Amino acid sequence: MRFERYGKGLAKGLNITLKHVFRPRITTQYPEQKLTVSKRFRGYELVWDKSRCTGCATCAKSCPQGNIEIVTSRGSDNRYVVEKFEVDTGRCIFCGLCVESCPYDALFLGLDYERASYRRGDLVLSKEQLELGPGKRRSGYFRPEVESTLPRQTLLLDTAGRKKQD
Amino acid sequence: MSFWPLDNYWAHFAVFATVILAFVVIGVMAFIYVERRGFGPFQLRRGPNRAGPFGVLQPIADAIKVLLKEDIVPAGADRAVHFLAPVVVFLPVLLIFAVVPFHGKLGGLIPNLNIGILYVVAVSALGVVGLFMAGWGSNNKYSLISAMRVVAAMISYEMPLVLSIIGVVVIVGSLSMNDIVTGHQVPFFLLTPLGFLIFLASSMAEINRGPFDLLEADSEIVAGFHIEYSGMKFAMFYLAEYGHALAMSAIAATVFLKGWVGPADDYLGGLWFVAKTLLIFVLLIWFRITFPRLRIDQLMGFAWKFLFPAALINLLVIGIEEVAFDGDIPWWVLFINFAVAGGLILAWSKLFKLGGGRVEVAV
Amino acid sequence: MELRTEPFVLNMGPQHPSTHGVFRMRVTYDGEVVMDLEPMFGYLHRGIEKLAETRTYTQFIPLTDRLAYLSSMTNNHAYVLAVEKLAGITVPERAEYIRVIMDEMMRISSHLMAVGFFLNDLGCSVFTPLLYMYREREKLLDLFEMVCGQRLTYNYMRIGGVSHDLPEEFMPALKQFVAEMPSYIEEYEALLAENEILLARTKGVGILPRELAINASVSGPVLRASGVKWDIRKVDPYSVYDRFEFDIPTGEVGDNYDRYRVRIMEMQQSLRILRQAIEQLPEGEVCAKVPQFLRPPKGEAYGRIEGPQGELGFYIVSDNSIAPYRLHIRPPTLINLTALRDMIRGWKLADAIATFGSIDICLGEVDR
């Protein structure tokens with residue numbers, strides 16, 4: 001005679017939840033404590049290297065959203081000069097196709113992710129805002145030379161949540 | 001009670017009315033904090049920790065937020081019923097505490113009321129009316145379903161609840177809360193383990209918590225009876241819900257855990273009472289966090305086919321013991337009772353069939 | 001006097017905590033018993049199929065992420081498979097292995113969510129099992145983020161391969177995950193598999209009979225729970241699935257419990273595939289040379305894979321331009337949903353929600 005449904009499963013469940021009380025917490029205290037993002041993180045902002053860009057507009061062609069606007073003119077030495085380079089990051093889906101398609105490695109994705117703003121207009125980034133500068137952090141997405149310089153990503157696997165050896 | 005300055009009836013009344021109000025409001029705040037914070041470790045997170053040190057001000061922040069919200073009465077609602085429901089729900093919660101002995105010497109409002117436990121059971125059942133009013137008055141189908149569930153579940157679970165308490169009453173020979181506390185040298189959760197389990201299960205159903213929170217059932221009927229309530233009225237429901245949990249924990253602590261009795265209870269009696277209440281509440285949190293919800297027919301089946309017969313048998317066993325030992329049950333009877341409880345649960349689970357299930361409906 | 005009762009109609013959704021998005025069920029109840037049910041779709045319709053016609057073949061990949069957002073990687077795979085079939089592109093071996101690894105990781109992650117939300121619908125009212133499952137999913141999301149830079153919309157697979165090679169930290173982390181995961185699955189089992197309340201709520205509830213499942217064209221774990229041994233990875237192997245050893249777990253009666261069990265067992269099988277894939281992973285290129293503006297020859301192709309929710313297929317018609325002439329998606333969850341009415345008629349309100357949860361739908365995919 002087998003006894004079933006007398007509460008053994010319930011007791012087991014209670015035991016599991018009780019065990020979890022003594023495990024380390026896995027949450028992060030976000031504004032104070034920030035995790036290192038992936039080296040290939042597709043972050044908020046595009047970073048544009050003016051010196052490398054030839055104004056070929058491959059990025060604009062590859063963008064699924066049609067977000068990138070490039071206006072070029074012919075400069076004195078018969079090369080394109082980028083007059084206008086504008087990205088509407090409010091409509092950007094951060095797929096990274098523009099970065100992948102850039103033949104001159106002039107476009108990078110950013111590493112930042114905290115860019116809420118009160119106005120939609122603020123999300124349209126102009127040439128000056130996009131330009132590679134001291135405050136800009138570039139992501140290693142499709143740019144192995146940048147990727148190797150970035151710190152290791154925090155993984156839940158090696159930090160918290162690991163099961164204690166029972 | 002010679003040193004007690006409040007021999008005057010009205011002074012006594014005034015003091016304890018204040019104590020009860022303060023106890024309920026602070027207790028509810030503490031319970032909300034304990035529950036929300038207590039969920040944290042069970043779920044590998046921290047729980048609220050932003051408002052004040054360790055998040056202790058969280059309930060206050062919640063209260064302020066809720067009170068500042070707009071009070072919305074849905075079109076087509078029965079305005080009077082909709083307005084009165086929160087009051088009717090909350091009032092019995094306060095009334096229950098009238099007979100709870102907070103402390104041995106200092107007592108409570110009327111801890112020696114000779115029908116104490118009967119009063120508790122009677123008053124706590126009053127809340128159903130309020131819940132039904134809320135469900136009916138909101139003019140919402142979800143809340144109506146919830147109201148129907150409330151009435152069915154509450155009435156069913158009164159039975160085992162009362163029967164499990166009667167077991168204790170039989171041993172003590174008195175209905176007064178104070179007598180129950182001092183009734184036996186062994187705490188009743190050891191002496192009548194089955195009664196304690198039944199009481200715990202049915203009080204969880206009674207206060208709509210844990211696996212029995214059918215009337216709120218947020219994944220099914222959204223929020224049940226208080227779906228159309230906001231602002232102050234919602235706060236009343238929230239207060240009543242946790243107040244009811246507090247009341248049931250307090251009753252369980254008084255009846256089954258010897259209430260204020262503990263080392264140095266001349267001075268620390270109140271503290272023991274609070275600690276035991278909290279212990280029961282933590283147990284309830286633990287159950288709530290682990291179990292899925294029952295279905296309505298299973299809920300009723302559990303009450304009528306499992307808890308009710310078990311409570312009757314429990315009562316019978318206690319009655320036989322009471323007669324056999326001529327009203328003075330020795331402490332070692334608890335071993336017999338444990339064996340009976342274990343055997344009964346095992347055997348009954350074999351017999352117990354939930355039934356219910358699919359109903360054939362015409363295409 | 002005779003009491004008269006009337007059935008009443010309740011619109012569950014589109015805003016309801018457990019309709020997994022903006023799904024609407026028009027349910028006729030007799031008290032608590034479901035008399036009739038009419039699913040209503042389309043609240044999240046975004047016209048993704050039409051959008052495909054205005055995008056190049058590569059540009060559509062990010063949009064497939066937004067179908068069933070809990071299984072983006074398999075969506076990518078199904079789409080690129082169809083395009084590769086259309087254009088006759090051979091994929092490097094390493095890329096195929098990486099795709100398999102990603103698919104299986106995605107399957108585990110998606111099943112964790114499916115089971116977690118199913119339990120949530122059953123009324124684990126404070127999310128405990130769901131949060132435990134989030135923990136494991138989080139580890140997988142970390143790995144996805146490491147590979148492709150995002151946690152939800154991966155956009156990782158490309159026509160002809162995958163966009164990146166795996167980073168060097170990836171393999172040790174994945175190995176660690178694969179080693180740890182079985183103990184967590186055991187833990188879920190201990191928490192729930194024998195739980196009396198769960199058994200009472202799920203055993204025999206919401207039965208989808210075998211014949212009905214086949215007739216309704218149901219696929220994935222829902223079909224397998226009804227006892228049909230049908231898995232596209234076995235019956236029509238794509239990628240390199242024919243090189244792995246794994247079983248197809250099936251249920252017996254097709255009730256909610258079987259659907260839950262099948263998902264748990266599939267996670268174990270996925271781990272098994274992952275273990276083999278890690279061992280066999282070859283070196284080499286990860287992407288074939290494909291022009292940016294691919295012009296596949298005129299024709300049509302149907303690529304299908306076994307997604308976490310079922311058979312996900314992309315049907316593409318090409319007119320030799322840079323954009324598909326027509327693209328049609330076979331969403332597994334939409335077709336699984338069509339069996340919902342027969343599964344829950346006659347059951348109680350609570351069962352309706354639970355059964356609905358056991359199908360594991362994603363409105364992004366149902367409405368497209």
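Author: Two residues are in contact if their C-beta atoms, placed from the backbone, lie within 7 Å. By that test, Val24(B), Gly27(B), Val28(B), Phe31(B) and Ile32(B) in helix H1(B) meet Leu239(B), Tyr242(B), Gly243(B), Ala245(B) and Leu246(B) in helix H10(B). The model is predicted, so local features need pLDDT of at least 70 and side-chain atom pairs count only at pLDDT 80 or more, while totals for chains, interfaces and linings use all residues. Residues are numbered from 1 along each chain as its sequence is written, and chains are lettered from A and ligands numbered from 1 in the order in which they are written.

Reader: What makes H1(B) and H10(B) helices with these numbers?

Author: Helices (H or I, at least four residues) and strands (E, at least two) are DSSP runs, numbered from the N terminus. H1(B) covers residues 9-42 and H10(B) covers residues 231-256.

Reader: Why is H1(B) called parallel, perpendicular or oblique to H10(B)?

Author: Their axes (lines fitted to C-alpha atoms over the stretch in contact, with angles from 0 to 180 degrees between N-to-C directions) come within 9 Å and cross at roughly 95°. Angles under 35 degrees count as roughly parallel, over 145 as roughly antiparallel, 65 to 115 as roughly perpendicular and the rest as oblique. Therefore H1(B) is roughly perpendicular to H10(B).

Reader: How do the residues of this contact divide by class?

Author: Eight are nonpolar, two polar and none charged. Ala, Val, Leu, Ile, Met, Phe, Trp, Tyr, Cys and Pro count as nonpolar, Asp, Glu, Lys and Arg as charged, and the others, Gly among them, as polar.

Reader: How do you know that strands E2(A) and E3(A) pair?

Author: Two strands pair if DSSP finds at least two bridges between them. E2(A) (residues 68-74) and E3(A) (residues 80-88) have seven, in the antiparallel sense. One facing pair is Thr72(A) and Val82(A). The two strands form a hairpin with five residues between them, and Asn78(A) in the turn has a positive phi of about 65°.

Reader: What joins E3(A) to E5(A)?

Author: Two bridges join E3(A) to E5(A) (residues 124-125), and the strands run antiparallel. Val87(A) has Leu125(A) as its bridge partner.

Reader: What is the confidence in chain A?

Author: The average pLDDT (the predictor's confidence in each residue, from 0 to 100) is 78 for chain A, and 91% of the residues score at least 70. Over residues 161-166 of chain A the pLDDT is below 50.
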